[in-house]
Amino acid sequence: MHSPHFTAQSSSNGVLERDFTLGEVPGVLWSPASGAADRAPLVLMAHGGGNHKKHPAMSGRARLLVAGCGFHVAVVDAPGHGDRPRTAHDEAEIAALYAARAAGEPEGPIVVRYNDHLAEQAVPEYRALLDALQELPEIGADGPVGFWGINMGTAIGIPFVAGEPRISAAVFGQHWPDTLAEQAKRITVPIEFDLQWDDEHITREEGLALFDAFASKEKSLHVNSGRHKDLPRFEADSAARFFARHLGRPATPSA
């Protein structure tokens with residue numbers, strides 16, 4: 001098993017940011033700067049399609065969890081994203097997506113197919129990431145772990161969480177049920193799920209079908225008006241409170 005190789009670090013506003021590689025997979029780990037050696041819960045995140053590990057959505061969510069809850073937070077670049085090279089398959093799928101968009105055709109079938117392909121590689125990478133991070137003294141193997149992934153992060157997260165008993169709670173949302181609903185039926189941990197009521201790509205029925213598939217006794221559906229990219233920022237605050245509730249640390253309201 002690879003150990004994370006830390007390559008750079010910086011600190012600001014009480015948050016320690018450490019870049020690392022795990023084998024050939026680049027990632028980043030955020031921790032409380034004042035107590036990185038102290039045991040604390042871990043939240044794994046997965047970014048959306050076309051983004052990367054340090055996209056503002058990722059760094060912003062991480063700071064909510066680190067500064068507000070005292071958690072450790074980690075994310076890696078998905079295959080073909082960020083600092084990872086694209087394959088010929090990646091290029092072909094991206095070209096197909098752009099062609100469908102230009103022609104006014106549905107993007108969903110292409111996104112579902114491509115995300116399912118990426119998840120086949122990303123899920124074992126996240127399992128290896130969790131193995132490696134739990135070897136760190138500030139995280140350990142016995143602490144609670146959460147998962148947070150929206151859009152493509154949901155496509156990676158649902159199969160990962162479905163087969164990973166170490167995850168205690170998860171936040172998902174904004175994806176089609178096609179290849180994920182059957183796997184969601186295997187998930188029983190508490191779930192928070194985001195859905196945009198006026199999503200131009202994912203119908204209300206599709207979003208509700210995926211939410212309904214989870215076998216969790218505790219699952220909350222957060223529906224907001226607006227299109228696909230209009231997910232309100234306050235949902236990140238809600239997710240931080242959700243993880244604080246289930247992973248065991250108080251959440252400080254954001255400014």
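This passage describes the overall fold, the pockets and one buried glutamine of a predicted model.

The protein chain contains 7 helices and 9 strands. Its radius of gyration is 17 Å, close to the 18 Å that the globule rule gives for 255 residues, so the chain is as compact as a globular protein of that length. The C-alpha trace spans about 50 × 40 × 35 Å along its principal axes. Of the 255 residues, 55% are buried. Contacts were also sorted by distance along the sequence. Among those with a separation of 6 or more, 66% join residues 24 or more positions apart.

Pockets were examined next. Rolling a probe the size of a water molecule over the atoms shows where empty space is left. The largest pocket has a volume of about 1400 Å³. Its lining comprises 46 residues. Nearest the centre of this pocket lie G48, G49, N51, N151 and K229. Four elements give two or more residues to the lining: helix 1 (56-69), helix 2 (88-102), helix 3 (108-133) and helix 7 (234-247). Helix 1 gives the most, with 6 residues. By residue class, the lining of the largest pocket holds 17 nonpolar, 17 polar and 12 charged residues.

The second largest pocket has a volume of about 160 Å³. E24, P79, G80, R84, P85, T87, D90, H117, L118 and Q121 line it. Helix 3 supplies the largest share of this lining, 3 residues. The lining of the second largest pocket divides into 3 nonpolar, 4 polar and 3 charged residues. Helix 3 is also among the elements that give two or more residues to the lining of the largest pocket.

At the level of single residues, Q196 was examined. Q196 belongs to strand 8, which covers residues 191-196. The relative accessible area of Q196 is 2%; the cut-off for burial is under 20%, so Q196 counts as buried. The side chain of Q196 makes two approaches to backbone oxygens. One is to S225, at 3.4 Å. The other is to D230, at 3.3 Å. Both S225 and D230 also appear among the residues that Q196 touches, once neighbours up to four places away in sequence are set aside. The remaining partners are Q174, N224, G226, R227, H228, L231 and P232.

Methods. Residues numbered from 1 in each chain as written. Predicted model: local features only at pLDDT ≥ 70, side-chain atom pairs only at ≥ 80, totals over all residues. Heavy atoms only, no water. Buried < 20%, exposed > 50% of the residue type's maximum accessible area, 1.4 Å probe, protein only. Polar contact = N/O pair within 3.5 Å; in protein donor to acceptor, adjacent residues only side chain to side chain. Contact = heavy atoms within 4.5 Å. 1 Å grid on protein atoms, 1.4 Å probe; cavity = no way out; pocket = protein on both sides within 12 Å on 5 of 7 lines; lining within 4 Å. Points joined across faces, edges and corners; volume = space filled by probe spheres on them. Nonpolar A, V, L, I, M, F, W, Y, C, P; charged D, E, K, R; others polar. Rg over C-alpha atoms; globule rule 2.2 N^0.38 Å.
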